[in-house]
Amino acid sequence: MKCPFCHHDDTQVLDTRVSEEGDAIRRRRRCGKCDKRFTTYERIELVMPFVVKKNGSRTEYAAAKLRGSLMLALRKRPVAAASLDKAIASIEEQLLTSGQREVDSGYIGELVMQELKALDKIAYIRFASVYKNFEDLSEFQQAIAEVGHERKPRKP
């Protein structure tokens, strides 16, 4: 760590503490050359993978695009905002833990469909119809039949 005062490379850590929130480490340092003291903070930096689109172009992951897609599919559906946030967090966690630097947009689409299927069947069909580019009624019927077979048992 370079000294911010004299730019000397040799600094010594005098004290290390974890922040109250537990999301950072605070280090008190002393320069070996000018003897001045300064504080540094270490924080986790999570980097989302780049998204590779169908045409081969690469773009940065955009959380707003993911939220917008889910909200469009869930428009006028009885799904709580907390459930939407949980679904987004789940998708982002899977992207981060994949360990990949680049992910295919199709992979993200599959993750979205997985979450929508659990949240709301109608929203799932809406999203799937656009994502899978349904071209005729039989494809709709097949998707509806797929989610229809997964009905929860009725309570007596």
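The legends below accompany an overall view and several close-up views of one predicted protein model.

The model is predicted, and local features are reported at pLDDT of at least 70, side-chain atom pairs only at pLDDT 80 or more, while totals for chains, interfaces and linings use all residues. Residues are numbered from 1 along each chain as its sequence is written, and side-chain values use heavy atoms, with hydrogens and water left out.

**Figure 1. Overall view of the protein chain, with its five helices and six strands.** Helices (H or I, at least four residues) and strands (E, at least two) are DSSP runs numbered from the N terminus, and along the sequence they follow the pattern β-β-β-β-β-α-α-β-α-α-α. The radius of gyration, taken over C-alpha atoms, is 24 Å, well over the 15 Å that the globule rule gives for 156 residues, so the protein chain is more spread out than a compact globule; that rule is 2.2 Å times the number of residues to the power 0.38. Along its principal axes, the C-alpha trace spans about 75 × 45 × 25 Å. Of the 156 residues, 26% are buried, where buried means under 20% relative accessible area, exposed means over 50%, and partly exposed lies in between (1.4 Å probe, protein chains only). Among contacts (heavy atoms within 4.5 Å) with a separation of 6 or more, 40% join residues 24 or more positions apart.

**Figure 2. Close-up of Glu-115, a buried residue without a salt bridge.** Glu-115 has its place in helix α3, which covers residues 105-119. Which side chain of opposite charge is nearest to Glu-115? That side chain is Lys-86, 8.0 Å away, with Lys and Arg counted as positive, Asp and Glu as negative, and His and the chain ends not counted. A salt bridge is defined as a side-chain nitrogen of Lys or Arg within 4 Å of a carboxyl oxygen of Asp or Glu. When neighbours within four places in sequence are left aside, Glu-115 is in contact with Ala-87, Ser-90, Ile-91 and Gln-94.

**Figure 3. Close-up of the salt bridge between Asp-15 and Arg-17.** The structure holds seven salt bridges, and in this one the N to O distance is 2.9 Å. Asp-15 counts as partly exposed at 26% relative accessibility, whereas Arg-17, at 52%, counts as exposed. Both residues also belong to a network of salt bridges that links Asp-15, Arg-17 and Arg-26.

**Figure 4. Close-up of the salt bridge between Arg-67 and Asp-85.** The closest N and O atoms of this pair are 2.9 Å apart. The pair links distant parts of the chain, with Arg-67 in helix α1 (residues 63-73) and Asp-85 in helix α2 (residues 81-97), 18 residues apart. Arg-67 is partly exposed, with a relative accessible area of 32%, and Asp-85 is partly exposed as well, with a relative accessible area of 38%.

**Figure 5. Close-up of the salt bridge between Asp-120 and Arg-77.** The side chains of Asp-120 and Arg-77 meet with an N to O distance of 2.9 Å. Asp-120 lies in the loop between α3 and α4 (121-131), and Arg-77 lies in the loop between α1 and α2, so the pair ties together parts that are 43 residues apart in sequence. Is Asp-120 buried or exposed? Asp-120 is buried, with a relative accessible area of 8%, while Arg-77 is partly exposed, with a relative accessible area of 29%.

**Figure 6. Close-up of Asp-35, a residue with a positive phi that is not a glycine.** Most residues other than glycine have a negative phi, but the phi of Asp-35 is about 65°. Asp-35 lies in the loop between β2 (24-31) and β3 (37-43), and with a relative accessible area of 48% Asp-35 is partly exposed. Asp-35 and Gln-12 are 23 residues apart in sequence, and their C-alpha atoms are 9.8 Å apart in space.

**Figure 7. Close-up of His-7, in the segment before β1 (11-18).** His-7 is not a glycine, although its phi is positive, at about 65°. With a relative accessible area of 55%, His-7 is exposed.
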